[in-house]
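Grab a pencil and work through these short exercises. Try each task before you read its solution.

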Amino acid sequence: VTDGDPGLETLLGRVLNAGSIGSTVLLALGLLVVFVAPGAAPERWLLHAGLVVLMGTPMVRVFVSVLEYARQRDWTFVTLTLIVLTLLAASVVAAFSA
Amino acid sequence: MSDFAAHFSPLLLLSIFLAGSLAGALGALLGIGGGVFLVPFLTLALGIDSRYAIPISLSTVIATSTVVSAGTAGRQLINLRLGMVLEVATAAGGLLGGLTFQYIPTSTLFIAFGGVTALSGVTMLGRLNKRNVILDTTIDPGRLGGRYHEEESGGTVVYRVRRMPAALAASFVAGNVSSILGIGGGIIKVPVLNAWCGVPLRAAAATSAFMIGVTATAGVVIHYGQGRLVPSLAAAAVLGVRAGSFGGLHFGGRARAQWLKLLMAGVLFVVSVLMFVKGLQ
């Protein structure tokens, strides 16, 4: 318990790295379209997809933590990470209900 | 809103990219998020409305958190358990900030930001010579404490977390301030974790950087849903911060940053005054 959890840390590091690369590529392509052909159709969805991947990465990171703590049967941390996931879900609901 | 989001000159996008690069490089060199530099640049220098500048800055906070944590993962500097407990408080604070943001007057935003930049300046001066390493490996770190290998001294650092209520309160406030002012909130969490809760500076900074992604997400999603996060401007800022922090980490990470801290503390005090003036106008 006291030596941290190198396995989980590495796993979460991979999740963050993938999200980081994905959002950078989408945002860069979207911005490229803005410069080359302003107002073209792909501009909007590339930029929005990039932002969704950016905002989704921490959410996926929390979700993976929930699964991993469940696998370890550490119910205290399953509960805590589930609360965080619920708060993030609440912000999504609040964002699109106003 | 749709008028504002329509089209931007390539020059503006380039300026935001460069501002992001500078903020990212400074953030990486100084070990803080770049938000305290980015928001003043967007509002004071580029004249972007703070309603739009703050969400842009918040999206770069996620980017910074993601990249920094991906880079430090595996070195056991991030205290995952402590981070996950404190995230409950920080996400709640971030959510609340996102919900109340539209009711807060712009002048209040500027004044609050002036206070935060002054606080950042003071913190930076206080950290000029700080080393917070206790090489006592006999301590029992308990359930939330941690243990990591320190490269500089070659020893193992063990620490116990004290005063959890203070850490939780600081995390809630940091989350709240984060989504209202567009900063990560490390400026509040790191000093509290370090000075009051017994967490060594490096572990406090790494754990805070790990958490701010979740904090910023709770706030920025609401800004995004309500149309305050302008995609092309956010893209320019995020890419700038990524490029800047990459540069900062790879070219200046080993350099002694003392003079830079002194200089930036000065810059922060000037920014603080400018923010106060703008808020009181």
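**Exercise 1.** Find out how confident the predictor is in chain B, and where its confidence is lowest and highest among the elements.

*Solution.* Start with the whole chain: this is a predicted model, and chain B has a mean pLDDT of 83, with 88% of its residues at 70 or more. Next, go element by element. Helix H1 (residues 2–5) of chain B comes out lowest, with a mean of 44, while helix H5 (residues 80–100) of chain B comes out highest, at 92. Finally, zoom in on residues 1–5 of chain B: pLDDT stays under 50 there, and the model has eight contacts beyond four places in sequence for this stretch. For the model as a whole, ipTM is 0.91 and pTM is 0.87.

**Exercise 2.** Work out whether the length of H5(B) agrees with its number of residues, then describe its bend and its surroundings.

*Solution.* H5(B) has 21 residues, so at 1.5 Å a residue it should span 30 Å. The expected span counts one less than the number of residues. Now check the model: the end C-alpha atoms of H5(B) are 29 Å apart, which agrees. There's still a kink of about 35 degrees, centred on Glu87(B). As for surroundings, 17 of the 21 residues are buried, so H5(B) is largely enclosed by the rest of the structure.

**Exercise 3.** Decide whether Ser59(B) is buried or exposed, and list what it touches.

*Solution.* First, locate Ser59(B): it sits in helix H4 (residues 50–72) of chain B. Its relative accessibility is 1%, and buried means under 20%, so Ser59(B) counts as buried. Leaving out residues up to four places away in sequence, Ser59(B) touches Leu54(A), Val220(B), Leu229(B), Ala234(B) and Val238(B).

How values were computed: Residues are numbered from 1 along each chain as its sequence is written. Chains are lettered from A and ligands numbered from 1 in the order in which they are written. This is a predicted model: local features need pLDDT of at least 70, side-chain atom pairs count only at pLDDT 80 or more; totals for chains, interfaces and linings use all residues. Side-chain values use heavy atoms; hydrogens and water are left out. Helices (H or I, at least four residues) and strands (E, at least two) are DSSP runs, numbered from the N terminus. Buried means under 20% relative accessible area, exposed over 50%, partly exposed in between (1.4 Å probe, protein chains only). Contact means heavy atoms within 4.5 Å. pLDDT is the predictor's confidence in each residue, from 0 to 100. The bend at a residue is the angle between axes fitted to the seven residues ending there and the seven starting there.
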